[in-house]
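Trainee: Please take one part of this model and walk me through it closely. I would like the contacts first, then the surroundings.

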Amino acid sequence: MKNNLPWSDLSLFAVVARAGGLSGAVDATGASAATLSRRMKALETQLARRLFLHGKQGYVLTSDGRALLEKAQAMEAVAAEIAEWRSAQSGPPRVRISAGSWTSLYLVRNVGTYWAPGEPWVPEFVHSDLQMDIARREIDVGIRNRRPEQPWLAGQKTNDVLYAIYAKAADITGWIGAGGAAASVPSARWVQAHHADAIVTTANDPRLILSLAESGMGRVVLPTFVGDSSGLERLSAPIPELSTEEWLVTHHEGRYEPPVRHAIRKLRRFLAEAPQRALSLEASI
C-alpha cells in the first residue's frame with residue numbers, strides 16, 4: 001500500500017460519501033459515474049479497507065468510511081483556510097483564464113460586463129491554441145469545447161458554438177488555411193481535410209486569416225458569433241461536425257478558492273446568457 005494518498009482521491013471520496021451515491025457526486029464533480037466508481041474501488045484497494053456498502057440505499061459508509069470522511073473533512077477545512085489566507089494578499093488576486101483565440105477576444109472586449117474594479121478578483125488572460133494544464137495550475141479557468149473527463153477537473157456547460165463558411169463574396173472559390181499552432185484547431189483541420197487542394201495561402205493567427213478573407217483572398221471557417229459580426233457573407237449552414245459545446249473548466253479543488261469561485265460565477269453567467277454573441281471586429285488587428 002502506498003503511504004501517500006493524493007488529495008484528489010480523498011476529495012472525491014468526501015463528495016461521494018456526502019452525496020450517498022454516485023449520481024449526486026456526478027453533478028458536484030463533473031466526473032462520470034463510471035470514473036467515480038473506479039476511483040472509489042481503487043481507494044479501497046489502496047487503503048485495504050472497505051469504505052462503502054453498496055445497496056438500494058446507495059453508497060452507505062462503513063465504520064472505516066465514516067472515520068475517513070471525518071479526516072477528509074478536516075483536510076477540506078484546512079484547505080479552505082489556506083485558500084482564505086491566500087486571498088488575503090495585498091490587492092485582489094489574479095485569476096488566470098485561457099480560451100481559444102475568438103473566445104479570448106470576446107472576453108477581453110466585454111470585460112466590463114462581468115468584472116469591475118473593486119471586485120475580489122482580477123482577470124488575467126493567457127491565450128494559447130493548445131490546452132493549458134489546469135492540473136498543474138498553469139491557469140485557473142479554462143474555456144474548453146468538451147466536458148472534462150479527468151476526475152480532478154470540474155466543468156459547467158455554458159453554451160454551444162457553431163461554425164460556418166464565410167467569404168467576401170460567393171464567387172470566391174479559394175481557401176485560406178492555417179499554419180503554426182493555429183493549424184491544430186478543429187476548424188483548420190476541417191479546411192485541410194476538405195479543401196487542401198484549393199488553399200491559396202495560410203496564416204498562423206486567426207485574426208490574420210480573417211483579414212485575408214475580408215480582402216477577398218479566400219474562404220474561411222469561423223465561429224458564427226465572429227463571422228456574422230464581420231463584413232463577410234455566410235456561405236453555408238452551420239457545419240455539424242464542427243459544432244461544439246462550451247465548458248467552463250476548473251480544478252476540482254481550486255474552484256473553491258474565493259477569487260476563482262467569484263470568477264466562475266461571473267464568467268458562467270456572462271457566457272451562458274449570450275446565446276447570440278456579437279463580436280465587434282473594429283480595430284481587432
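**Arg268 and the sheet beside it**

Mentor: Start with a side-chain pair. The side chain of Arg268 makes a polar contact with the side chain of Gln156, at 2.8 Å. Keep in mind that this is a predicted model. Arg268 belongs to helix H10. Its relative accessible area is 36%, so Arg268 counts as partly exposed; the band for that class lies between 20% and 50%.

Now the other partners. Set aside the neighbours within four places in sequence. Arg268 is then in contact with Gln156, Lys157, Thr158 and Leu248. Asn159 is worth a look too. Its C-alpha atom and that of Arg268 are separated by 9.2 Å, while the two residues are 109 apart along the chain.

Next, the sheet. It is open and has 5 strands. The order runs S4-S3-S5-S12-S6, and the pairing is mixed. Strand S4 (122-125) and strand S6 (153-161) form the edges, each pairing on one side only. From one strand to the next, the twist averages 25°. Helix H10 (residues 258-272) packs on this sheet. H10 touches strand S3 (94-98), S5, S6 and S12. The direction of H10 makes about 20° with that of S6.

Look inside the sheet at one pairing. Strand S5 (residues 141-144) and strand S12 (residues 244-251) run in the antiparallel sense, over 4 bridges. Ile143 stands opposite Leu248 in S12. Leu248 appeared above as a contact of Arg268.

Finally, a helix pair elsewhere in the model. Two packed helices are described by the angle between their axes and the distance between the axes. Take helix H5 (residues 101-109) and helix H8 (residues 206-214). Their axes come within 9 Å and cross at roughly 95°. That angle makes H5 roughly perpendicular to H8. On the H5 side, the contact is made by Ser101, Trp102 and Leu105. On the H8 side, Pro206, Arg207 and Leu210 make it. By class, the contact residues divide into 4 nonpolar, 1 polar and 1 charged.

H5 is mostly covered, with 7 of its 9 residues buried. The buried residues are Ser101, Trp102, Thr103, Ser104, Leu105, Tyr106 and Leu107. Ser101, Trp102 and Leu105 of H5 also make the contact with H8.

Conventions
Residues are numbered from 1 along each chain as its sequence is written. This is a predicted model: local features need pLDDT of at least 70, side-chain atom pairs count only at pLDDT 80 or more; totals for chains, interfaces and linings use all residues. Side-chain values use heavy atoms; hydrogens and water are left out. Axes are lines fitted to C-alpha atoms, for helices over the stretch in contact, and angles run from 0 to 180 degrees between N-to-C directions. Helices (H or I, at least four residues) and strands (E, at least two) are DSSP runs, numbered from the N terminus. Angles under 35 degrees count as roughly parallel, over 145 as roughly antiparallel, 65 to 115 as roughly perpendicular and the rest as oblique. Contact means heavy atoms within 4.5 Å. Ala, Val, Leu, Ile, Met, Phe, Trp, Tyr, Cys and Pro count as nonpolar, Asp, Glu, Lys and Arg as charged, and the others, Gly among them, as polar. Two strands pair if DSSP finds at least two bridges between them. Buried means under 20% relative accessible area, exposed over 50%, partly exposed in between (1.4 Å probe, protein chains only). A polar contact is a pair of N or O atoms within 3.5 Å; within protein, one must be able to donate a hydrogen and the other to accept it, and residues adjacent in sequence count only if both atoms are side-chain atoms.
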